Amino acid sequence: MTPTAITLRLAEPADARPLALMSRDLIEAGLGWKYDPARIARAIVDPNVTTLVAWEREDRALRQPGGAVGFSIMHFGEERAHLVLLAVRPGYRREGIGQRMIEWLVESALTAGIASLHLELRETNEAARAFYRAQGFTESLRVPGYYSGKEPALRMIRMLRTAGPLPAGWQPPPAGRH
Ligand SMILES: CC(C)(COP(=O)(O)OP(=O)(O)OC[C@H]1O[C@@H](n2cnc3c(N)ncnc32)[C@H](O)[C@@H]1OP(=O)(O)O)[C@@H](O)C(=O)NCCC(=O)NCCS
């Protein structure tokens with residue numbers, strides 16, 4: 001199956017549980033489960049948050065109706081956007097799905113006049129470090145004990161424009177969609 005069989009779309013309330021399970025198993029393993037179905041459901045309906053789902057029509061491993069194979073959650077502030085969670089299921093990695101989600105989010109952020117994108121990740125997560133570097137992020141800070149007082153985090157940043165007033169002629173995006 002080709003990567004084009006995976007489509008990206010905005011999440012709906014019914015996606016909350018599968019996305020929360022991915023967060024628990026692929027991102028939060030060993031740290032407790034903060035992004036449970038209720039929290040993800042709140043993110044999905046929050047107008048300041050974009051929650052994306054990478055969706056496969058047919059599950060390639062189980063040969064049955066598919067489901068979510070990846071997801072990402074980004075919170076939009078005035079000038080800064082925070083990439084809260086992003087994951088792709090193991091059997092679907094290195095096919096460009098993560099990159100496609102970042103491209104959608106960057107386009108949304110540019111439209112919304114965002115100046116910089118921010119994220120944290122576990123210092124030991126070499127795969128994600130390499131992934132975010134490949135997406136134009138640079139490491140800005142190490143934060144000891146960030147994860148439940150146990151593990152250090154790395155902060156990464158990608159600048160989209162110089163912070164400050166928006167250029168003349170900029171228009172806000174349509175309401176309800178980032
Ligand atoms: C990090 C993650 C989201 C990457 O998703 P992905 O869909 O496999 O990434 P892509 O296929 O779009 O990769 C794009 C580029 O990033 C880099 N990259 C991605 N994964 C990499 C890895 N394991 N090692 C080195 N570079 C990597 C490569 O340059 C890659 O391009 P290439 O495949 O042509 O070499 C995925 O590994 C994952 O879900 N990890 C567990 C969850 C996680 O750590 N999330 C981030 C913290 S919230």
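Which helices and strands each supply at least two residues of the shell around the ligand? In this predicted model, the suppliers are α1, β4 (80–88), α3 (97–111) and α4 (126–134). Among the contributors, α4 gives the most, with 5 residues.

The shell is a good place to begin a tour. There are 20 residues around the ligand, and those that come nearest are Arg93, Gly98, Gln99, Ala127 and Ala130. By character, the shell divides into 13 nonpolar, 4 polar and 3 charged residues.

Helix α1 also has a helical partner. The axes of α1 (residues 16–27) and α2 (residues 37–45) come within 8 Å and cross at roughly 120°, which makes α1 oblique to α2. This crossing of α1 and α2 is right-handed. On the α1 side, the contact is made by Ala16, Arg17, Leu19 and Ala20, while α2 brings Pro37, Ile40, Ala41 and Ile44. Of the residues in this contact, 7 are nonpolar, none is polar and 1 is charged.

Two loop residues are worth a look for their backbone angles. Arg94 has a positive phi although it is not a glycine, and Ser148 likewise has a positive phi without being a glycine. Here they are side by side:

| Residue | Phi | Loop | C-beta neighbours inside 10 Å |
|---|---|---|---|
| Arg94 | about 60° | between β4 and α3 | 10 |
| Ser148 | about 50° | between β6 (138–147) and β7 (151–159) | 11 |

Are these two residues buried or exposed? Arg94 counts as exposed because it has 10 C-beta neighbours inside 10 Å, and exposed residues have 12 or fewer. Ser148, with 11 such neighbours, counts as exposed too.

Key: Residues are numbered from 1 along each chain as its sequence is written. This is a predicted model: local features need pLDDT of at least 70, side-chain atom pairs count only at pLDDT 80 or more; totals for chains, interfaces and linings use all residues. Axes are lines fitted to C-alpha atoms, for helices over the stretch in contact, and angles run from 0 to 180 degrees between N-to-C directions. Helices (H or I, at least four residues) and strands (E, at least two) are DSSP runs, numbered from the N terminus. Angles under 35 degrees count as roughly parallel, over 145 as roughly antiparallel, 65 to 115 as roughly perpendicular and the rest as oblique. A crossing is left-handed if the near helix is turned anticlockwise from the far one by less than a right angle, and right-handed if clockwise. Two residues are in contact if their C-beta atoms, placed from the backbone, lie within 7 Å. Ala, Val, Leu, Ile, Met, Phe, Trp, Tyr, Cys and Pro count as nonpolar, Asp, Glu, Lys and Arg as charged, and the others, Gly among them, as polar. A residue is near a molecule or strand if its C-beta atom, placed from the backbone, lies within 6 Å of it. A residue is buried if 20 or more other C-beta atoms lie within 10 Å of its own, exposed if 12 or fewer, and partly exposed in between; C-beta atoms are placed from the backbone.
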